Structures are given as C-alpha cells and as structure tokens.
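The following note is offered to a colleague who has the coordinates at hand. Its points are numbered for ease of reply.

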Amino acid sequence: GIPLNSKLIVLSACQTGSGKVSHGEGVLSLAYSFANAGCQNMVSTLWNTSDKSTSTLMEYFYTGLREGLTTSDALRQAKLKFIENVNPVIGFGHFWAGIIYIGKDRSDLAPSLIRISLFKVYILACGLTCLILIVVNRYKSKS
C-alpha cells in the first residue's frame with residue numbers, strides 16, 4: 001500500500017520475478033508487489049543467479065544507462081559485454097538470461113541515478129561535518 005515514486009527498481013536478488021501463478025492476477029512475485037506499488041520500470045530475475053555474475057552484469061547495465069542507452073538496450077548491451085568478457089563457463093545463458101527488464105523503454109533514467117548518488121554523497125558529507133563539529137566542541141568544553 002506504499003506508493004513508490006521511483007523511475008527504476010533493480011531487484012537483482014534470486015527469483016524476484018518468479019512466484020506463485022494466480023488465476024486472473026498473473027505471477028505473484030516481488031516484482032509484482034513493486035508494480036502494484038506504482039513502479040513502472042524494473043529489472044528482475046526469473047531464477048537463482050550467481051552473485052558475482054549478477055554484480056558484473058549490473059555494473060555493465062548501469063554504465064549503459066549513464067551513457068544514455070534506453071533501459072532495454074542497456075540490459076542487452078550489458079549481457080553482450082558480459083558474454084564477451086567472462087569465462088566461457090560463466091558466460092553460459094543460465095548466468096545472465098534470467099535477468100529481465102519489465103516496463104517502458106526509457107533513456108531518461110541515468111540522470112536520476114547520478115543525481116541520487118551525488119545527493120547522497122552531499123548529505124553524507126554534511127552529516128559527517130556536523131558530527132565532527134559536535135565532537136570537537138564537546139571535547140573542547142571538557143578540557
């Protein structure tokens with residue numbers, strides 16, 4: 001029941017796009033729950049995935065988004081780059097084919113990813129500065 005105001009959700013854990021099939025509803029999964037909460041674009045997995053493979057593929061995916069690719073192109077390019085750059089055994093389809101994109105094909109997601117990251121860094125820096133000032137003031141007042 002919590003409305004989400006997010007352009008993209010990445011659910012890169014195992015089986016986030018699979019679940020119980022419900023007549024009239026479809027597949028009841030974690031991705032389904034996010035869709036019900038208002039998320040229109042998400043990356044999800046259909047089966048168990050390797051942590052190392054998934055993290056490498058997601059790095060390639062985010063790079064594609066930052067370069068201005070649409071979401072489906074970014075995931076496609078990430079999969080192709082993954083196949084080219086990894087051990088042939090790990091490049092086997094089981095390690096990347098279950099990662100899917102659900103939603104409208106968009107190219108405006110990367111700027112929001114970068115703004116969020118810079119905003120979080122700014123907030124963290126301000127918080128640490130305030131914390132240091134408080135500790136220094138308390139230390140001086142005890143002396």
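1. Apart from neighbours within four places in sequence, Leu4 is in contact with Ile9, Phe34, Ala37, Gly38 and Cys39. Please note that this is a predicted model. Leu4 lies in the segment before β1, the strand of residues 9–10. The C-alpha atoms of Leu4 and Ala37 are 5.8 Å apart, although 33 residues separate the two along the chain. With a relative accessible area of 31%, Leu4 is classed as partly exposed, because the buried class requires a value under 20% and the exposed class one over 50%.

2. On the overall arrangement, the protein chain contains four helices and five strands. Read from the N terminus, these elements follow the order β-β-β-α-β-α-α-β-α. Of the contacts in the protein chain with a separation of 6 or more, 69% are between residues 24 or more positions apart. Buried residues account for 27% of the 143 residues in the protein chain.

3. Helices α2 (residues 51–66) and α3 (residues 71–85) deserve separate comment. Their axes are 8 Å apart, and the two helices pack at an angle of about 130 degrees. The pair is therefore described as oblique, because this term covers angles that are neither under 35 degrees, nor over 145, nor from 65 to 115. The crossing of α2 and α3 is right-handed.

4. Which residues form the contact between α2 and α3? From α2 come Ser53, Thr56, Leu57, Tyr60, Phe61, Gly64 and Leu65. They meet Thr71, Ala74, Leu75, Ala78, Lys79, Lys81, Phe82 and Asn85 of α3. By class, the contact of α2 with α3 comprises eight nonpolar, five polar and two charged residues.

5. Thr63 is also found in helix α2. Its relative accessible area is 31%, so Thr63 is partly exposed. The C-alpha atom of Thr63 is separated by 8.4 Å from that of Ala78, a residue 15 positions away along the chain.

6. In soluble globular proteins, nonpolar side chains tend to be buried together. In this model, the largest nonpolar core has 14 residues. Those with the most contacts inside this core are Leu8, Val43, Leu57, Met58, Phe61, Leu75 and Ile99. The elements that contribute two or more residues to this core are α2, α3 and β5 (99–102). Which element gives the most to this core? Helix α2 does, with five residues.

7. A second core, separate from the largest one, has five residues. Among them are Ile9, Ala31, Cys39 and Met42. Two residues named here, Ile9 and Cys39, are also in the list of contacts of Leu4.

Conventions. Residues numbered from 1 in each chain as written. Predicted model: local features only at pLDDT ≥ 70, side-chain atom pairs only at ≥ 80, totals over all residues. Heavy atoms only, no water. Axes fitted to C-alpha atoms, helices over the stretch in contact; angles between N-to-C directions. Left-handed = near helix turned anticlockwise from the far one by under 90°. Contact = heavy atoms within 4.5 Å. Nonpolar A, V, L, I, M, F, W, Y, C, P; charged D, E, K, R; others polar. Core = buried A, V, L, I, M, F, W, Y, C linked by side-chain atoms within 4.5 Å. Buried < 20%, exposed > 50% of the residue type's maximum accessible area, 1.4 Å probe, protein only.
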